[in-house]
Amino acid sequence: MDALKHSLQEMVDLKRGMISRKLFSDPDLYQLEQEKIFARNWLFVGHESLIPSPGDFFTSYMGEESVILARDKAGKIHVMLNSCRHRGTRVCRYDQGNTAAFYCSYHGWSYDTAGRLIGVPHYQEGYEGQLDRSRWGLIEVAQLANYKGSIWATWDASAPSFLDYLGGMKFYLDLALDSSDGGEGGSEVIGGIQKWIVASNWKFGAENFCVDHYHNPSHRSVDLAAIGPSGKGRRDIEGMRIIDVTFPGLGHGACARISGGDLAVFANYPPVAHYFKRAYAERQRHHGDRPAIWGGPGTIFPNASLQGFQPRTIALWHPRGPLQTEIWRFYLVDREAPEEVKNILRRYFVRYAGPSGMTEQDDMENWRTATEATRGVIASRYPFNYQLGFGRQLPSDPLIPGVVVMQDLSAPSEGAQRGFYARWLQLMNNGD
Amino acid sequence: MPSIPTKAIDIDLLKEVEQFLFHEAELLDERRFDDWLELLTDDVQYVMPISRSVSAAARGSEITHAGREVCWFDDDKTTLAQRVRQINTGEHWAEEPASRVCRLITNVQISAPSASEVTARDRFLIYQNRLETDQTFFVGRRESLLRRVDERRLQIARRTIWLSQSVLLAQNLSIFF
């Protein structure tokens with residue numbers, strides 16, 4: 001194990017800002033990640049708006065493993081491994097729906113929506129009544145958190161509480177989950193989850209959101225096409241201060257966009273511009289006279305990424321082997337927003353993000369080709385460079401939590417990415 | 001029992017619609033995107049919903065509802081023109097260098113013709129090859145509402161595309177359908 005520890009330290013050399021390409025291609029490291037990271041950390045599973053009524057379910061993933069997010073008959077939310085205790089077959093074969101029970105298609109064991117084993121064919125004659133059904137329910141996560149409607153879970157009973165796990169990152173998650181007027185958790189997931197497969201290591205997506213402002217020029221084509229809702233660039237950032245932060249020891253990274261003076265967003269869509277103007281005035285009443293702060297990209301370690309405003313979304317990077325990722329995107333809107341506003345926002349979001357999104361298409365191309373470059377014998381002798389903004393010390397910002405690593409787009413930093421890999425290294429080495 | 005209305009088909013109209021759809025596919029294969037935009041009405045709706053795996057009892061929720069749920073595409077003429085503009089910059093890396101795309105359009109059926117409109121349903125098989133060895137097959141069906149702009153010309157007023165996939169087995173949807 002010491003040898004592994006030594007080689008991990010060498011591969012993630014944060015003192016010199018270098019990370020081995022093997023992190024993105026090595027099958028043994030990948031397997032270790034499943035155990036040390038995905039089986040232990042808090043992972044995003046879904047949102048309660050996907051399962052509003054008793055009996056509703058939504059199937060999701062925690063790492064590579066299929067899980068069921070279900071609301072039982074009494075209204076309680078559960079997250080359970082989607083695997084029959086008898087031979088492992090999926091007990092739920094659907095993406096979503098409503099049911100009284102989950103029924104295994106193989107030998108017919110059935111479970112209620114709370115995961116209790118309720119039906120065993122030939123129970124009396126076959127098991128002679130000896131099978132203790134109470135011990136063979138679906139495997140439930142060790143801890144579950146419903147944070148403002150977003151559902152998170154971990155398989156580790158000894159993991160810290162979700163709020164401790166988040167730390168200061170809570171502020172940025174709130175920017176995505178609270179309603180635009182500052183109301184607590186007034187968001188909902190829009191129906192229809194985008195899911196797609198990319199030949200990329202899962203960490204390329206996670207680190208891009210954590211927070212890579214350096215890749216901005218890769219999106220020049222979409223800026224030139226001017227898909228932004230005010231007719232300029234790809235989103236409304238004019239006149240905003242853009243700040244990136246890291247959370248040492250937690251691995252999260254985030255970005256805040258702080259409006260200066262006039263609030264000019266969605267200028268080409270008067271109903272939406274009006275909606276945000278009113279929401280902002282309301283938020284001022286809640287939070288006092290501070291500038292408007294909008295959520296930018298961020299990653300909650302390890303694989304849940306956020307954007308709080310344009311677009312407003314949660315992305316998941318589900319690992320599918322070292323060289324493949326299944327990406328999921330949930331899109332969020334204010335639950336109480338008028339239909340007209342929701343419609344404009346939804347259309348803008350999917351034009352921006354996802355595999356049909358004009359911005360994200362180019363990211364996928366770059367993550368895939370970066371992944372390709374991690375396999376060669378010669379190439380993998382040369383580490384990646386993570387030295388951008390190395391050693392830069394910046395004052396904290398009184399408006400937002402986190403250690404500031406970038407306060408101006410002209411001087412981007414990989415400080416939050418270094419924080420992500422520092423946490424990765426710590427967990428792979430068994431440290432907490 | 002549903003009848004198959006072979007007798008009622010206007011063969012001349014069917015031929016016209018087929019030729020229109022084949023011509024459109026050719027424009028796209030040849031990357032004449034600005035010419036393709038000319039085939040769309042100014043109020044065109046271009047939609048590709050997402051498919052979900054649901055139980056037989058819940059078939060109604062299999063396809064996301066454009067207009068209130070998330071789709072792969074939910075575009076109008078302005079945003080389709082933005083997509084064309086992006087490709088034309090030569091820096092849209094998902095399409096630079098350009099994909100080699102070949103569209104097969106088949107099983108064309110027409111229905112509900114009026115003096116000004118006709119609905120066309122078809123199946124597609126689209127092959128996309130990129131860079132060295134990347135390849136993707138897109139298979140599905142489409143419905144197009146075609147509007148007659150003059151005696152010799154049709155335009156697309158609405159297109160709905162149903163891809164026969166739930167999890168998209170492609171890195172990107174950087175082509176037109």
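The exercises below walk through a predicted model of two chains, A and B, each with a worked solution.

Residues are numbered from 1 along each chain as its sequence is written, while chains are lettered from A and ligands numbered from 1 in the order in which they are written. In this predicted model, local features need pLDDT of at least 70, side-chain atom pairs count only at pLDDT 80 or more, and totals for chains, interfaces and linings use all residues.

**Exercise 1. Find out how confident the predictor is.**

Step 1. Start with pLDDT, the predictor's confidence in each residue, from 0 to 100. Chain B averages 95, and 96% of its residues score at least 70.

Step 2. Then take the scores of the model: ipTM is 0.95 and pTM is 0.96.

**Exercise 2. Describe the overall build of chain B.**

Step 1. List the elements, which are DSSP runs numbered from the N terminus: helices (H or I, at least four residues) and strands (E, at least two). Chain B has 3 helices and 6 strands, and along the sequence they follow the pattern α-α-β-β-α-β-β-β-β.

Step 2. Check the radius of gyration, taken over C-alpha atoms, against the globule rule of 2.2 Å times the number of residues to the power 0.38. For 177 residues a compact globule would come near 16 Å, and the 17 Å of chain B agrees with this. Along the principal axes, the C-alpha atoms of chain B fill a box of roughly 50 × 45 × 30 Å.

Step 3. Look inside. A residue is buried if 20 or more other C-beta atoms, placed from the backbone, lie within 10 Å of its own; in chain B, 32% of the 177 residues are buried.

**Exercise 3. Work out which strands S6 of chain B pairs with.**

Step 1. Recall that two strands pair if DSSP finds at least two bridges between them.

Step 2. Take S5(B), residues 134-150: it pairs with S6(B) in the antiparallel sense over 10 bridges. These two strands form a hairpin with 2 residues between them, and B:Asp150 stands opposite B:Arg153.

Step 3. Now take S1(B), residues 40-49, which pairs with S6(B), residues 153-163, in the parallel sense over 4 bridges. Here B:Tyr46 stands opposite B:Arg159.

**Exercise 4. Trace a small sheet in chain A.**

Step 1. Read the order: 3 strands form an open antiparallel sheet, S1-S2-S21. Its edge strands, S1 (12-13) and S21 (384-385), each pair on one side only.

Step 2. Follow one pairing: S1(A) and S2(A), residues 18-19, share 2 bridges, with A:Ile19 as the bridge partner of A:Val12.

**Exercise 5. Follow helix H10 of chain A to the interface.**

Step 1. Compare its span with the expected one, 1.5 Å times one less than its number of residues. H10(A), residues 360-372, has 13 residues and reaches 18 Å from its first C-alpha to its last, close to the 18 Å expected.

Step 2. Pick out its buried residues, among them A:Met364, A:Trp367 and A:Arg368. The buried residues of H10(A) pack against strand S14 (194-198), helix H6 (202-208) and helix H7 (220-225) of chain A.

Step 3. Turn to the other chain. Counting residues as in contact if their C-beta atoms, placed from the backbone, lie within 7 Å, 35 residues of chain A touch 31 residues of chain B. The largest share of the chain A side, 6 residues, comes from H10(A).

Definitions and conventions: A residue is buried if 20 or more other C-beta atoms lie within 10 Å of its own, exposed if 12 or fewer, and partly exposed in between; C-beta atoms are placed from the backbone. Two residues are in contact if their C-beta atoms, placed from the backbone, lie within 7 Å.
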